[in-house]
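Trainee: Could we go through this model together, with you explaining how each label is earned?
Mentor: Gladly. Have a look at it first, and then ask away.

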Amino acid sequence: KQWYQRRVRGVKWNKAHSMVAAASGNTLYLLNPGLGDRLVVESSNKLLQGLTDIRELEHCRWYPLGNDKDGLRTKIVHNSELSNITWHNNGNYIAVTMRDSQSCPVLIHNITKHSSQKPFNKSKGQIQQVEFHPNKPFFYVLSQRYVRVYNLVKQAMVRKLTCSVKWASCMAIHPKGDNLIVGSYDKTLVWFDMDLSVKPYKSLQQHKKAIRHVCFHPRYPLYASSSDDCSTIITHGMVYNDLVKNPLVVPVKVLRGHRDTAKYGVLCNVFHPQQPWIYTGGSDGDIWLFV
């Protein structure tokens, strides 16, 4: 158990290492929970403990925390409060979003080299969320009305998707990388097939209030959307290998259980990595597991 002085904005597991990232206030904490294979736990410790001195960078500061008994190994302090974090699939990079910062809204941290870099100099609009492509050097940046796709190798924008909503809130990338869903505060969810168009392939209005979080299942053709109406909707979203076939999107189940608190409902969701199960977290302080 860890206690933080400021509210926790996000917690993300690292799939490649024994590592958890937690964003609280303007600080990113890197922990080793000590779970899983012993060799992976030890190699993760060596990776995190490779930082021996405080490293002062332009937009952040790296602090080594030694061999803390609770698993804390490193913290990175930023100039603004963090709003979103996401890992790269290889586990060596983590991107952080600072929604209120104009000069540095996004940073990408290299865990192996203990370094940080800005993927771009200026942001166009307030950034809601960022995500890495699952297997290509693409970086997705969600603003109020657009998704901009950057090539990190060429350091250039390669595509601009129009969300066709008033205010986008969240996004998720399909595990194969060619499809994308975006949720919005105006109750709309849009599906992009990036092989077809820069405009949405399908637009769905299944929720009665703002959509707070969306995610794809890593193995099954499912995605979930959670909303302030205290529901999570599970939808069958089949992507075919045949490029001639368009994705098949069919609602499957509405999950309820959370209580409305201060006009907020279900704030986050995540699928089990192997099973067709989903965890949801609500403003009522509860975590539900649906199987």
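Mentor: Let me begin with I111: setting aside neighbours within four places in sequence, I111 is in contact with M19, L30, L47, L48, W62, W87, N92 and I94. Keep in mind that this is a predicted model.

Trainee: What makes M19 or W62 a contact of I111?
Mentor: Contact asks for heavy atoms within 4.5 Å. M19 and W62 are both among the residues that meet this for I111.

Trainee: Which residues have the most contacts inside the largest nonpolar core?
Mentor: Those are L28 and I111, in a core of 20 residues. To belong, a residue has to be buried, of a nonpolar kind, and joined through side-chain atoms within 4.5 Å.

Trainee: Which elements each supply at least two residues of this core?
Mentor: Helix 1 (38-48) does, and so do strand 2 (19-24), strand 3 (27-31), strand 5 (60-64), strand 7 (84-87) and strand 8 (93-97). Strand 2 gives the most, with 3 residues. Another core lies apart from this one and has 15 residues, including V147, V149, V165 and A168.

Trainee: Let's turn to Y93. Why is Y93 called partly exposed?
Mentor: Its relative accessible area is 33%. Buried means under 20% and exposed means over 50%, with partly exposed in between, so at 33% Y93 is partly exposed. Y93 lies in strand 8.

Trainee: Which residues is Y93 in contact with, leaving aside its neighbours within four places in sequence?
Mentor: T86, W87, H88, I108, H109, N110 and F132. F132 is 39 residues from Y93 along the chain, while their C-alpha atoms are separated by 9.6 Å. The contact with F132 rests on heavy atoms within 4.5 Å, whereas the 9.6 Å is taken between C-alpha atoms.

Trainee: And where does F132 stand in its sheet? What is opposite F132?
Mentor: F139 in strand 12 is opposite F132. Strand 11 and strand 12 (residues 138-142) run antiparallel and are joined by 4 bridges.

Trainee: How do you know that strand 11 and strand 12 pair?
Mentor: Pairing takes at least two bridges. Strands 11 and 12 have 4 bridges, so they count as paired.

Trainee: What is the strand order of the open sheet they belong to?
Mentor: The order is 11-12-13-14, with antiparallel pairing among its 4 strands. Its edge strands are strand 11 (129-132) and strand 14 (156-162), each pairing on one side only. From one strand to the next, the twist averages 20°.

Trainee: Which strands are the edges of the sheet ordered 15-16-17-18?
Mentor: Strand 15 (168-173) and strand 18 (202-204), since each pairs on one side only. This is an open sheet of 4 strands, again with antiparallel pairing. Its neighbouring strands are turned by 20° against each other on average, direction ignored.

Trainee: What makes strand 17 and strand 18 a pair?
Mentor: They share 3 bridges in the antiparallel sense, and at least two are needed, so strand 17 (residues 189-193) and strand 18 qualify. W191 stands opposite K202 in strand 18.

Trainee: How many residues lie between strand 19 and strand 20 in their hairpin?
Mentor: There are 5 residues between them. Strand 19 (residues 211-216) and strand 20 (residues 222-227) pair over 5 bridges in the antiparallel sense. F216 has Y223 as its bridge partner in strand 20.

Trainee: Now the cysteines. How many disulfides does the structure hold?
Mentor: The structure holds 0 disulfides. For C230, the nearest cysteine sulfur is that of C268, 13 Å away. A disulfide needs the two sulfur atoms within 2.5 Å, so C230 is in none. C268 is in no disulfide either, with the sulfur of C215 as its nearest at 9.6 Å.

Trainee: Are C230 and C268 buried or partly exposed?
Mentor: C230 has a relative accessible area of 12%; that is under 20%, so C230 is buried. C268, at 38%, is partly exposed.

Trainee: Finally, why is the chain called as compact as a globular protein of its length?
Mentor: Its radius of gyration is 19 Å, close to the 19 Å from the globule rule for 291 residues, so the label follows. The chain has 1 helix and 25 strands, and 48% of its residues count as buried.

Terms used:
Residues numbered from 1 in each chain as written. Predicted model: local features only at pLDDT ≥ 70, side-chain atom pairs only at ≥ 80, totals over all residues. Heavy atoms only, no water. Buried < 20%, exposed > 50% of the residue type's maximum accessible area, 1.4 Å probe, protein only. Axes fitted to C-alpha atoms, helices over the stretch in contact; angles between N-to-C directions. Rg over C-alpha atoms; globule rule 2.2 N^0.38 Å.
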